[in-house]
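Reader: I should like a close look at one part of this model. Please describe it in detail, and state the cut-offs behind each term.

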Amino acid sequence: MAAERAGVATAGATLIRDGTNVLYRLAGGVVARIGPPGSQLVAERQIQASHWLAEAGITVVRTVDNIEQPTAVGDRPVTWWVELPEHRHATPAELGSTLRQLHNLAVPQELPLPTVDPLDSLGASIDGGFVLLEEDRAWLKGLVEQLSLDYRELAPSVPPAVIHGDAWQGNVVVPMAGGDPVLLDLDQLGVGPREWDLVSLAVDYTDFARITEADYRAFVAAYGGYDMTVWPGYRTLATIRELRWTAFVLGKAGASSKAAKQARYRVSCLMGKIDRPWTWSAF
């Protein structure tokens with residue numbers, strides 16, 4: 001229905017990803033992105049953000065022109081994007097340079113970006129984690145309360161910036177044929193502490209040993225020399241990020257025994273029962 005209204009051909013459509021957003025590859029180099037129920041405003045903001053970032057000099061995923069954007073079907077928005085050429089994930093250095101560009105932008109007055117709250121919905125995710133023991137749930141809720149206090153104390157001292165909100169190497173990709181890194185997935189673009197964008201790669205280094213010291217130093221250098229692991233608020237944001245990753249798997253645990261096992265393992269890590277570096281399976 002959405003494709004018919006937008007005038008887009010769907011013959012031969014292939015599924016790219018079935019997650020929070022469902023992505024299909026269509027003929028003519030078009031990618032359809034179906035948002036979750038009730039995400040119309042988020043979809044509208046993605047379209048606006050793509051245009052604004054491009055005008056500001058950021059290489060970003062592009063919308064298809066001359067088409068209804070977004071196309072609503074019931075309470076689910078569909079957005080239409082130009083398919084990227086064959087690409088790879090960014091290196092830590094490429095991620096660092098892209099984030100440096102993004103964070104150097106002035107907060108726009110013409111684009112109503114939301115304030116990014118790293119703790120948003122964490123309490124609800126823990127309440128809905130039915131595979132948790134009640135004592136573990138109580139401990140996690142206490143952790144959220146403490147992190148909330150710690151974060152609120154940090155916030156006034158951290159200048160706001162335009163941030164991606166989910167900055168990791170897979171959300172910045174590099175065309176295999178060459179070219180600038182491309183910023184993807186603008187769902188969580190907003191205004192918040194730049195450290196929230198830096199923390200994912202930092203914990204990859206400090207808590208998971210997923211990247212080498214050389215790679216982390218290259219990330220820091222490309223960003224401009226700022227190493228957030230020595231920032232006093234580092235452990236607060238690192239724990240919030242790891243708790244969000246845990247909550248994500250908790251959301252899948254009701255339908256997957258593998259996810260349930262992984263969720264319990266992650267909680268044990270957060271509780272200090274398992275020494276770092278941790279090994280968390282991807283979901």
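In which loop, between which helices, does D227 lie?

Author: D227 lies in the loop that separates α7 (213–223) from α8 (234–253); helices (H or I, at least four residues) and strands (E, at least two) are DSSP runs numbered from the N terminus. The model is predicted, so local features need pLDDT of at least 70 and side-chain atom pairs count only at pLDDT 80 or more, while totals for chains, interfaces and linings use all residues. Residues are numbered from 1 along each chain as its sequence is written, and side-chain values use heavy atoms, with hydrogens and water left out.

With a relative accessible area of 13%, D227 is buried (under 20%; exposed is over 50% and partly exposed in between, with a 1.4 Å probe and protein chains only). Leaving aside residues up to four places away in sequence, D227 touches Y216, R217 and V220, contact being heavy atoms within 4.5 Å. The side chains of D227 and R217 are also joined by a polar contact of 3.0 Å, that is, a pair of N or O atoms within 3.5 Å, where within protein one must be able to donate a hydrogen and the other to accept it, and residues adjacent in sequence count only if both atoms are side-chain atoms.

As wider context, five strands form an open antiparallel sheet in the order β1-β2-β3-β5-β4; strands pair if DSSP finds at least two bridges between them. β1 (14–18) and β4 (71–73) are at the edges, each with a single partner strand, so one side of each has no neighbour in the sheet.
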